[in-house]
Amino acid sequence: MNKYNMIERKKTKQVMVGNVPIGGGSPVVIQSMTNTDTADMPATLRQINELSEAGCQLVRITVPDEAAAAVLPKLTAQSPVPLIADIHFDYRLALAAIQAGIAGLRLNPGNIADADKVRQVAREAKAAGVPIRVGVNSGSLSKKMLAQHGGVVPAALVESALEEIAQLEAEDFFDIVVSLKASNVPLMLAAYREIAERVDYPLHIGVTEAGTPKRGSIKSAVGIGALLAEGLGDTLRVSLSGDPVQEIFVAKEILRSLGLYKTGVEYIVCPTCGRTKIDLPAIAEEIEQRVEALHISKPLKLAIMGCVVNGPGEAREADFGLAGGNNEGVLFAKGQIIGKYPAAVLVDEFMSLVQNNIDIEVL
């Protein structure tokens, strides 16, 4: 295998969230978070199912009050994926979530400052086999940390996490995942790099409050991609405003671009130039839509190139591909041309090539 297709990941402790392993060399896990009113059980469960169908492996839900905690038993029983309770301020909600059968907890060190309460949660979580994510956020650091470090700096995020970790470890609790999220990408990168030098717990990575899908996808790709390329990150969330289902596509593509997501279809698509004599953008769009409808789960690389000058050569690693000509095009497999067709039937012939030469696994 080409050495440039491999990223050497930092070896971390493995933590099980329900039946999903995080760290320890297991594949990077994709997470998201519902944005429904958790107490609205039907709406929340519907969104959990939508996220699961899109490929989300863990779903976090906010538990801000007793009304939300009251529906957790039904949600945990009916969810197709393990659920993580997001807890702020009130440790009693964490205890209620554990009793309700939640698969994991996220605690924010910035707003549950009482060490005794954190330790009580740790004892209950340990007894129930529930892991805890120490979820530091740059926007909610404690006043003590801000004063001690003179503001929001990487060291403040790292020390906040280490302080909470020490409280958990004091209760002989080690099923810990750590995150140090910030909206500022350089700050986030520096914090994660430092914590990775200090602990071997798995890291949940992400750029918090990244923005709208258009801009937030780019910001997330830069921040998350940089860490993954360095071998850091065991689970991730792309934080975009709006429907959380759209986060899953972006997360998959970030992982796929680094060779860390082996499921489904990867595309190599020409940006086009003056040599292009077919409507390549429309062809690429149609192929994506038709291939998506097949629900291909096995690894597959498809190339859609603008011309035959270097199309098959640049895309020689693709399983199947097409390259345009003057109102015509060629189809190729692994860089070898296998036929020439008029532009009008090029997409249909390409789809036939794909469908006739792979085993389609319908999800």
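**Notes on the cavities, pocket and salt bridges**

1. The largest cavity is lined by V17, I22, Q31, I84, G104, L105, P131, I132, R133, V177, H204 and T235. Two elements, β6 (104-107) and β7 (132-137), each give two or more residues to that lining. Bear in mind that this is a predicted model. The volume of the largest cavity comes to about 80 Å³, and its lining splits into seven nonpolar, four polar and one charged residues.

2. How many cavities of 30 Å³ or more does a search of the whole structure find? The search finds two. The second largest cavity holds about 30 Å³ of space. Around the second largest cavity sit K10, T12, L203, G231, L232, G233 and D234, which by class are two nonpolar, three polar and two charged residues.

3. Next, the open space. The largest pocket has a volume of about 900 Å³. Its lining counts 27 residues, and A54, F249, K252, R256 and E292 are the ones that lie nearest the centre. By class, the pocket lining has 11 nonpolar, eight polar and eight charged residues.

4. Which element gives the largest share of the pocket lining? That would be α10, with nine residues. The elements that each supply at least two lining residues are α1 (41-54), α10 (245-257), β11 (265-269) and α11 (280-292).

5. R256 deserves a second look, as it is among the residues nearest the pocket centre and also forms a salt bridge with E253, with the closest N and O atoms 3.1 Å apart. The two are three residues apart in helix α10, so about one helical turn separates them. R256 is buried at 9% relative accessible area, whereas E253, at 31%, counts as partly exposed.

6. Helix α10 has another pairing: E247 forms a salt bridge with R237, the closest N and O atoms being 3.0 Å apart. R237 lies in strand β10 (residues 235-237) and E247 in α10, so this pair ties together parts that are 10 residues apart in sequence. Are these partners buried or exposed? Both R237 and E247 are buried.

7. On salt bridges overall, the count comes to 15. One of them joins the side chains of D172 and K126, at 2.9 Å from N to O. D172 is in the loop between α7 (154-169) and β8 (176-181), while K126 is in helix α5 (residues 115-128), so the pair links parts that are 46 residues apart in sequence. D172 is partly exposed at 44% relative accessibility, and K126 is partly exposed too, at 40%.

8. Two loop residues to check in your viewer. A103, in the loop between α4 (91-99) and β6, is buried because its relative accessible area is 15%, under the 20% cut-off. Beyond its neighbours within four places in sequence, A103 is in contact with V17, G18, P82, L83, V130 and P131; V17 and P131 also appear in the lining of the largest cavity. The C-alpha atoms of A103 and I254 are 26 Å apart, with their positions 151 residues apart along the chain.

9. T34 is placed in the loop between β3 (29-33) and α1. T34 counts as buried, at 6% relative accessibility. Leaving out neighbours within four places in sequence, the contacts of T34 are T44, Q47, I48, L51, V59, R60 and I61.

Methods. Residues numbered from 1 in each chain as written. Predicted model: local features only at pLDDT ≥ 70, side-chain atom pairs only at ≥ 80, totals over all residues. Heavy atoms only, no water. 1 Å grid on protein atoms, 1.4 Å probe; cavity = no way out; pocket = protein on both sides within 12 Å on 5 of 7 lines; lining within 4 Å. Points joined across faces, edges and corners; volume = space filled by probe spheres on them. Helix = DSSP H or I, 4+ residues; strand = E, 2+ residues; numbered from the N terminus. Nonpolar A, V, L, I, M, F, W, Y, C, P; charged D, E, K, R; others polar. Buried < 20%, exposed > 50% of the residue type's maximum accessible area, 1.4 Å probe, protein only. Contact = heavy atoms within 4.5 Å. Salt bridge = Lys/Arg side-chain N within 4 Å of Asp/Glu carboxyl O.
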